Amino acid sequence: MGGCFSVSLPCDQVVSQFSQLLCVRGSYIHNLSENLASLEKAMRMLKAQQYDVIRRLEREEFTGRQQRLSQVQVWLTSVLIIQNQFDDLLPSKEVELQRLCLCGFCSKDLKLSYRYGKRVNMMLREVESLRSQGFFDVVAEATPFAEVDEIPFQPTIVGQEIMLEKAWNRLMEDGSGILGLYGMGGVGKTTLLTKINNNFSKIGDRFDVDVVIWVVVSRSSTVRKIERDIAEKVGLGGMEWGERNDNQTPVDIHNVLRRRKFVLLLDDIWEKVNLKAVGVPYPSKDNGCKVAFTTRSRDVCGRMGVDDPMEVSCLQPEESWDLFQMIVGKNTLGSHPDIPGLARKVARKCRGLPLALNVIGEAMACKRTVHEWSHAIDVLTSSATDFSGMEDEILHVLKYSYDNLNGELMKSCFLYCSLFPEDYLIDKEGLVDYGICEGFINEKEGRERTLNQGYEIIGTLVRACLLMEEERNKSNVKMHDVVREMALWISSDLGKQKEKCIVRAGVGLCEVPKVKDWNTVRKLSLMNNEIEEIFDSHECAALTTLFLQKNDMVKILAEFFRCMPHLVVLDLSENHSLNELPEEISELVSLRYFNLSYTCIHQLPVGLWTLKKLIHLNLEHMSSLGSILGISNLWNLRTLGLRDSKLLLDMSLVKELQLLEHLEVVTLDISSSLVAEPLLCSHRLVECIKEVDIKYLKEESVRVLTLPTMGNLRRLGIKMCGMREIKIESTTSSSSRNISPTTPFFSNLSRVFIAKCHGLKDLTWLLFAPNLTFLEVGFSKEVEDIISAEKADEHSSATIVPFRKLETLHLLELRGLKRIYAKTLPFPCLKVIHVQKCEKLRKLPLDSKSGIAGEELIIYYGEREWIERVEWEDQATQLRFLPSSSWLWRETQ
């Protein structure tokens with residue numbers, strides 16, 4: 001037939017091919033049981049081989065500078081993959097074997113059995129292949145001598161070169177094991193640590209280091225994450241790493257690092273990193289290893305075992321300007337003659353914080369008109385959070401420090417500090433008083449315990465770099481301006497309720513600012529302004545805090561106080577022209593804190609005595625105040641300030657004070673001998689006295705002033721008095737010779753002023769003030785000794801060393817003074833001695849070891865001929881103190 005195509009195959013060839021196909025496919029089924037057994041055996045052998053290779057790797061890597069070959073890692077990865085496939089295959093074994101029939105030559109489901117048998121057969125071949133490939137002569141090779149990953153960073157570290165050099169030298173010292181760098185957010189800690197990391201890549205053989213490990217910790221990091229980062233750096237990565245349990249991880253890291261000289265750099269830690277827990281051997285002089293870390297908290301440095309950490313501080317003004325110029329650029333700064341001057345003002349708003357300088361500098365880099373720069377200054381002054389980049393790039397970064405604070409009380413204390421003006425020095429104890437009344441410092445049993453808690457909170461904020469302690473006067477703290485902006489931003493619910501906390505302190509206001517809804521205002525600070533009168537009355541249902549101190553206030557509208565039912569704190573101090581208060585002050589039924597110091601009010605309104613919740617009342621330095629009769633009605637009062645006011649303390653007032661059962665702190669003046677004796681005999685009132693000025697007591701009324709034990713006394717002034725001697729109450733008894741100055745008669749007395757007390761011969765009683773830090777004695781012509789050796793011996797003071805805490809000593813116009821003390825003294829805290837018109841004082845109680853080790857003790861003197869007549873203990877003493885002595889002219893009268 002045309003068009004047909006035929007193929008002819010021999011019959012025996014077709015039969016042969018078909019038989020072979022059936023044989024191969026049939027073998028998957030009828031050999032299944034045998035193949036499974038072979039596969040299981042082969043897998044056991046492969047796992048043993050894998051184990052041997054891993055053990056060899058561990059030995060090679062743990063000895064130091066070795067890392068695994070890539071072909072070995074590929075083989076190990078392939079083994080893991082086939083092992084996972086085998087684990088997936090094995091659970092179906094029993095089901096598939098039960099499916100077989102006819103002695104294993106057939107199956108109840110040929111298709112399924114065929115597929116399973118084929119998988120087993122192919123896997124067996126692959127396992128055999130991996131076994132044949134798993135024999136390695138070498139599994140690891142030597143790594144480079146020093147492994148350092150250079151980290152990119154902004155090249156400008158203007159103003160931090162000295163800090164970098166200091167940090168590097170500290171870390172390189174033989175005895176240095178751990179270096180802690182702490183400072184506020186955005187100050188440049190990470191930049192410094194990055195530079196230290198990169199330095200290791202440049203020094204090569206000069207520092208014998210095997211590996212430099214960089215780990216970014218951050219607030220959310222876990223121990224496991226830190227372990228993983230370290231493990232990857234030292235070559236313990238790979239798929240098999242994830243198979244290890246948590247307990248084995250630090251052991252493996254330790255086995256690697258204990259044979260290596262390493263440097264571990266931990267950036268941004270928020271709590272203690274337990275080096276032992278992550279397997280890091282503790283760095284020491286013996287092993288030559290180093291650990292350096294950055295943190296925002298000095299507390300963390302202490303927990304890490306660093307007792308002398310390095311603070312990374314903000315830049316100095318000129319350094320700030322150099323950095324700001326670099327970021328803004330020459331073209332912008334040169335685009336108008338007035339821009340450089342305005343740019344300096346903008347840079348000053350950053351207060352040396354590199355983060356702020358960078359963000360604000362970048363935002364201003366394209367601004368080339370005077371109007372834009374002037375506007376920037378206005379925004380940064382009035383509402384910095386509205387400035388471009390401030391909220392997202394600066395405040396959010398700083399807020400991490402706030403979020404990390406422990407508890408709402410501490411957070412409230414921090415936010416409270418933002419009510420004060422920029423750069424304002426906040427007295428710590430005054431802040432505690434505010435805190436007690438506001439409720440963010442819990443009232444403990446007793447004033448001392450409450451103060452301790454308050455100081456602990458403040459100290460924690462200082463160590464967290466959210467407050468700054470004044471260098472000279474540790475009793476004050478202040479806020480960095482950018483941190484203050486962050487606090488105000490938080491107080492306004494992250495800018496959502498800007499009228500919730502209104503702070504316009506120190507900005508030159510002449511009147512109360514306009515507010516849309518006064519009922520939303522909770523805190524209002526208008527201190528340090530020029531407001532003279534308040535005439536408006538507003539409904540302030542939520543207001544709890546009102547700062548009006550340091551204004552030019554003359555008059556306050558009577559209706560003003562009727563609209564503040566929840567006001568807790570009212571500060572009107574230092575309104576020097578304010579001479580009256582309206583009776584409506586009685587409407588402030590929730591008031592707990594009231595400060596009227598340094599005002600000219602001559603009579604307190606009767607309504608004041610109805611404020612039963614009042615616990616703090618400050619009436620100090622009120623030059624016109626005539627009477628406070630009725631104060632006993634304030635039965636809840638705990639703190640009362642009366643010192644240096646016109647008020648005359650008489651017996652009727654003493655009796656009223658004795659009725660204040662909860663009184664804990666009082667400051668006052670004693671200017672009458674009729675009052676002095678009964679007051680100083682009142683044990684309860686004496687225990688309350690924190691500061692006292694004793695003045696105008698004539699010799700005929702008080703020849704010997706006997707001071708009782710005053711455990712809470714901090715400051716004592718004795719002025720224009722005629723007494724011949726000052727004694728301690730206990731020393732007047734017949735057993736006076738057994739009284740030791742170690743008895744805490746004045747355990748908290750730190751400042752003493754003696755002036756114009758012409759009858760006094762000595763001040764030996766100061767032996768009983770072991771914590772005295774400041775002493776000024778002046779214009780008392782008969783004083784011969786500060787501490788009389790004869791009287792000191794009477795009090796068994798042979799083993800007592802006076803003035804161990806003294807920091808400042810002023811001796812002014814003491815014409816009869818011959819000796820400070822008969823023997824040389826160590827003066828371990830003394831910084832300044834000032835001698836003026838003390839002609840008979842020829843010898844100072846100093847030797848070459850006196851003063852603070854490594855620091856200068858400065859001797860100021862008023863007459864140049866006096867220093868020439870000083871008789872030094874020896875030549876070494878003269879060589880130590882004479883060069884640092886300084887002539888200081890001071891007018892005396």
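User: Why is Lys756 called partly exposed?

Analyst: Lys756 has a relative accessible area of 39%, and since buried means under 20%, exposed over 50% and partly exposed in between (1.4 Å probe, protein chains only), the residue counts as partly exposed. This is a predicted model, in which local features need a pLDDT of at least 70, side-chain atom pairs count only at pLDDT 80 or more, and totals for chains, interfaces and linings use all residues. Residues are numbered from 1 along each chain as its sequence is written, while side-chain values use heavy atoms and leave out hydrogens and water.

User: What makes the phi of Lys756 worth a remark?

Analyst: Phi of Lys756 is near 55 degrees, a positive value in a residue other than glycine. Most residues other than glycine have a negative phi. Lys756 is found in the loop between strand S27 (751-755) and strand S28 (774-778), where strands (E, at least two residues) and helices (H or I, at least four) are DSSP runs numbered from the N terminus.

User: How do you know that Arg484 has no salt bridge?

Analyst: A salt bridge needs a side-chain nitrogen of Lys or Arg within 4 Å of a carboxyl oxygen of Asp or Glu. For Arg484, which is buried, the nearest side chain of opposite charge is Glu422, 4.2 Å away, so that criterion is not met. Arg and Lys count as positive and Asp and Glu as negative, with His and the chain ends not counted. Arg484 lies in helix H20 (residues 481-491), and, leaving aside its neighbours within four places in sequence, Arg484 is in contact (heavy atoms within 4.5 Å) with residues including Glu422, Phe420 and Val503.

User: What makes S6 and S7 a pair?

Analyst: Two strands pair if DSSP finds at least two bridges between them, and S6 and strand S7 (residues 262-269) have six, in the parallel sense. They belong to an open sheet of five strands in the order S6-S7-S8-S5-S9.

User: Why is one side of S6 left without a neighbour in the sheet?

Analyst: Strand S6 (211-216) stands at an edge, as does strand S9 (310-311), and each has a single partner strand, so one side of each has no neighbour in the sheet.

User: What is the pLDDT over residues 11-24?

Analyst: The chain averages a pLDDT (the predictor's confidence in each residue, from 0 to 100) of 87, and 88% of the residues score at least 70. Over residues 11-24, however, the pLDDT is below 50, and beyond near neighbours in sequence this stretch has two contacts in the model. Where pLDDT is low, the predicted coordinates should not be read in detail.
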